[in-house]
Amino acid sequence: MPDWQEYELGATGDDIVIDSSEDNQAAALQLVKQAGRSLDIFSRDLEARIYDNADFADAVRALAIKTPGLHVRILVIDPDFIIKHGHRLIELARRLTSHMEIRKVHEDYCNNPEAYLVVDKRGVLHRKLASRFEAVVNFNNPRQATDLYQQFTEMWERSKQYMDFKRLYI
């Protein structure tokens, strides 16, 4: 397992190859802790083994609150699974509606096999196959980060809010 404390967003440009849910979780947490401008996550079902833990939710919350104008964007392909089973990020998005939004991916993009997290258009955690934990992490790859950010933004603009992510208070 890499020592994630050694990697600095915007400075460390090495590709780090990982293959476990623990490494994915640690890398995602380290990237988000260092973020300052943007956070975008594209995922099949917000993999619980990576994103559904208190440390990650706390880091996302801190980022969203401390950064004026920042909007955490999350796209999921299968929202029904996470709504049924619960997820910390859904609860967080319900509380931070002006800072965070989760959308269901437009049907045109549902066959995208990837999963990724992009931070500040610099840092990337990229899994070419969302069903596996093999990934490449890079804390300073603006070219790949920008490409994924643009792909994400295109999907985001065509995707819709999913009402089941909202909590109705009556």
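Biologist: Which residue takes a positive phi in the hairpin of β5 and β6, and how many residues stand between the strands?

Modeller: The hairpin has three residues between its strands, and Asp-120 is the residue with a positive phi, near 55 degrees. This is a predicted model, in which local features need pLDDT of at least 70, side-chain atom pairs count only at pLDDT 80 or more, and totals for chains, interfaces and linings use all residues. Residues are numbered from 1 along each chain as its sequence is written, and side-chain values use heavy atoms, with hydrogens and water left out.

Biologist: Why are β5 and β6 said to pair, and in what sense?

Modeller: Strands here are DSSP runs of E with at least two residues, helices are runs of H or I with at least four, and both are numbered from the N terminus. Two strands pair if DSSP finds at least two bridges between them. Strand β5, residues 115-119, shares five bridges with β6 in the antiparallel sense, and Leu-117 has Leu-125 as its partner in β6. On the other hand, β6 and β7 (residues 135-138) are joined by three bridges, again antiparallel, with Val-136 in β7 as the partner of His-126.

Biologist: What makes β1 and β8 edge strands?

Modeller: The open sheet has eight strands with mixed pairing, in the order β1-β7-β6-β5-β2-β3-β4-β8. Both β1 (16-18) and β8 (160-161) pair on one side only, and these are the edge strands. The pairing of β1 with β7 is antiparallel over three bridges, and Ile-16 stands opposite Val-137.

Biologist: Which strands does helix α1 lie across, and at what angle does it run to β6?

Modeller: Contact means heavy atoms within 4.5 Å, while axes are lines fitted to C-alpha atoms, for helices over the stretch in contact, with angles from 0 to 180 degrees between N-to-C directions. Helix α1, residues 21-34, lies across β1, β2, β5, β6 and β7, and runs at about 155 degrees to β6. Helix α3, residues 54-66, also packs on the sheet, where it touches β2, β3, β4 and β5 and makes about 140 degrees with the direction of β2.

Biologist: Why is β6 called largely enclosed by the rest of the structure?

Modeller: A residue is buried under 20% relative accessible area, exposed over 50% and partly exposed in between, using a 1.4 Å probe and protein chains only. Five of the five residues of β6, 123-127, are buried, so the strand is largely enclosed. Side chains in a regular strand alternate between the two faces of the sheet, and both faces of β6 are covered, with Gly-123, Leu-125 and Arg-127 buried on one side and Val-124 and His-126 on the other.

Biologist: What makes Arg-127 and Glu-47 a salt bridge?

Modeller: The rule asks for a side-chain nitrogen of Lys or Arg within 4 Å of a carboxyl oxygen of Asp or Glu. The N to O distance for Arg-127 and Glu-47 is 2.9 Å, and the pair counts as a salt bridge. Arg-127 lies in β6 and Glu-47 in the loop between β2 and α2, so the bridge ties together parts that are 80 residues apart in sequence. With a relative accessible area of 2%, Arg-127 is buried, and Glu-47 at 9% counts as buried too.

Biologist: Why is Arg-88, which meets Asp-52 in a salt bridge, placed in its accessibility class?

Modeller: Its relative accessibility is 40%, so Arg-88 counts as partly exposed. The salt bridge with Asp-52 has an N to O distance of 3.3 Å.

Biologist: Why is the pair of Phe-42 and Tyr-116 called tilted?

Modeller: Rings of Phe, Tyr and Trp (its six-membered ring) pair if their centres lie within 6.5 Å, and planes under 30 degrees apart count as stacked, over 60 as edge-to-face and the rest as tilted. By this rule there are six aromatic pairs. Phe-42 and Tyr-116 have centres 5.4 Å apart and planes at 35 degrees, so their pair is tilted. The two rings belong to distant parts of the chain, Phe-42 in β2 and Tyr-116 in β5, 74 residues apart. Phe-42 is buried at 0%, as is Tyr-116 at 1%.

Biologist: What makes the pair of Phe-152 and Trp-156 stacked?

Modeller: Their planes are 20 degrees apart and their centres 5.9 Å, which puts the pair in the stacked class. Both rings sit in helix α6, four residues apart, and are separated by about one helical turn.
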